[in-house]
Amino acid sequence: LASATQFTAVRINAAPGVRPAPELAVGQDFERAGAGSVLTSEQVKTLRAVLYDEKSFKLNQVPKCEFVPDAAVIAQSGVDAVEVLLSFKCDALMFFATKPGGRSIPGAMLVFKPARKPLLAWVKEVLPNDAVIRGLK
């Protein structure tokens, strides 16, 4: 995330058991809905403040439900990217590293229950015109 030059927030369409279209794939099994929103430097700063704070996470817990993301942030650095998938149903996020050719490598999954409120407010701010995102509780 530190070396990324462009950040985009997107809503995720999750259809378990359905292979995502390659041009829309996020993570390994999910698909982005629409073009998303390119983030401002202030929005990136807010996201980094949450993600870089270890108090945002319960590091000794695993999610207690099936991980189905609602939104993602794609942090692009040249041809490589880091995708941060956010599930508000599970209060968890998962990192993926993407490589040229569509390869996606899963990374850490973290429970963000302590940071749920600010992350939810942030997602609603960066995707204000998305009815599904606005409906998240």
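Which cysteines form a disulfide, and how far apart are their sulfur atoms? Cys-65 and Cys-90 do, with the sulfur atoms 1.8 Å apart. The pair links distant parts of the chain, 25 residues apart. Cys-65 lies in the loop between helix H1 (41-51) and strand E4 (71-77). Cys-90 lies in the loop between strand E5 (80-87) and strand E6 (92-99). A search of the whole structure finds one disulfide. The model is predicted, and that holds for the bond geometry too.

The two cysteines can be told apart by their exposure. Cys-65 has 35% relative accessibility and counts as partly exposed. Cys-90 has 8% and counts as buried, because the cut-off for burial is under 20%. A disulfide is a covalent bond between the sulfur atoms of two cysteines.

Now step back to the whole chain. The secondary structure comes to three helices and seven strands. From the N terminus on, the elements run β-β-β-α-β-β-β-β-α-α. The radius of gyration is 14 Å, close to the 14 Å that the globule rule gives for 137 residues, so the protein is as compact as a globular protein of that length. Along the principal axes, the C-alpha trace spans about 35 × 35 × 30 Å. Of the 137 residues, 42% count as buried. The protein exposes about 7,600 Å², and carbon and sulfur atoms supply 55% of that area. Among contacts with a separation of 6 or more, residues 24 or more positions apart account for 54%.

The strands form an open sheet of seven, with antiparallel pairing. Their order is E2-E3-E1-E4-E5-E6-E7. Which strands stand at the edges? They are E2 (25-26) and E7. Each has a single partner strand, so one side of each is left without a neighbour in the sheet.

Follow the sheet from E4 to E7. Seven bridges join E4 to E5, and the two run antiparallel. Within this pair, Ala-75 has Val-82 in E5 as its bridge partner. E5 and E6 also pair in the antiparallel sense, over seven bridges. Here Glu-83 stands opposite Phe-96 in E6. E6 is in turn joined to E7 by seven bridges, again antiparallel. Phe-96 appears here too: its bridge partner in E7 is Pro-106. Phe-96 therefore has a bridge partner on either hand, Glu-83 in one pairing and Pro-106 in the other, as strands pair through DSSP bridges.

The turn from E5 to E6 deserves a look. This hairpin has four residues between the strands. Asp-91 sits in that loop, as does Cys-90 of the disulfide. What is the sign of phi at Asp-91? Phi is near 55 degrees, a positive value in a residue other than glycine. Asp-91 is also buried, with a relative accessible area of 9%.

Leu-85 belongs to strand E5. Is Leu-85 buried or exposed? Its relative accessible area is 0%, so Leu-85 is buried. Leaving out residues up to four places away in sequence, Leu-85 touches a long list of partners, including Val-26, Gly-27, Phe-30, Phe-67 and Pro-69. Also among them are Ala-71, Ala-72, Ala-92, Leu-93, Met-94 and Phe-96. Ile-74 is eleven residues from Leu-85 in sequence, and the two C-alpha atoms are 8.6 Å apart. In a regular strand the side chains alternate between the two faces of the sheet.

The last stop is Ser-104, in strand E7 (residues 103-111). E7 is an edge strand, yet Ser-104 counts as buried, at 15% relative accessibility. Which backbone oxygen does the side chain of Ser-104 reach? The oxygen belongs to Gly-27, at 3.3 Å. Beyond its neighbours within four places in sequence, Ser-104 is in contact with Gly-27, Gln-28, Glu-83, Phe-96, Ala-97 and Thr-98. Two of these residues, Glu-83 and Phe-96, stand opposite each other in the pairing of E5 and E6. Gly-27 is on the contact list of Leu-85 and on that of Ser-104.

Note on methods: Residues are numbered from 1 along each chain as its sequence is written. This is a predicted model: local features need pLDDT of at least 70, side-chain atom pairs count only at pLDDT 80 or more; totals for chains, interfaces and linings use all residues. Side-chain values use heavy atoms; hydrogens and water are left out. A disulfide is a pair of cysteine sulfur atoms within 2.5 Å. Buried means under 20% relative accessible area, exposed over 50%, partly exposed in between (1.4 Å probe, protein chains only). A polar contact is a pair of N or O atoms within 3.5 Å; within protein, one must be able to donate a hydrogen and the other to accept it, and residues adjacent in sequence count only if both atoms are side-chain atoms. Contact means heavy atoms within 4.5 Å. The radius of gyration is taken over C-alpha atoms; the globule rule is 2.2 Å times the number of residues to the power 0.38. Accessible areas come from the Shrake-Rupley method with a 1.4 Å probe; for residues, only the protein chains shown count as cover.
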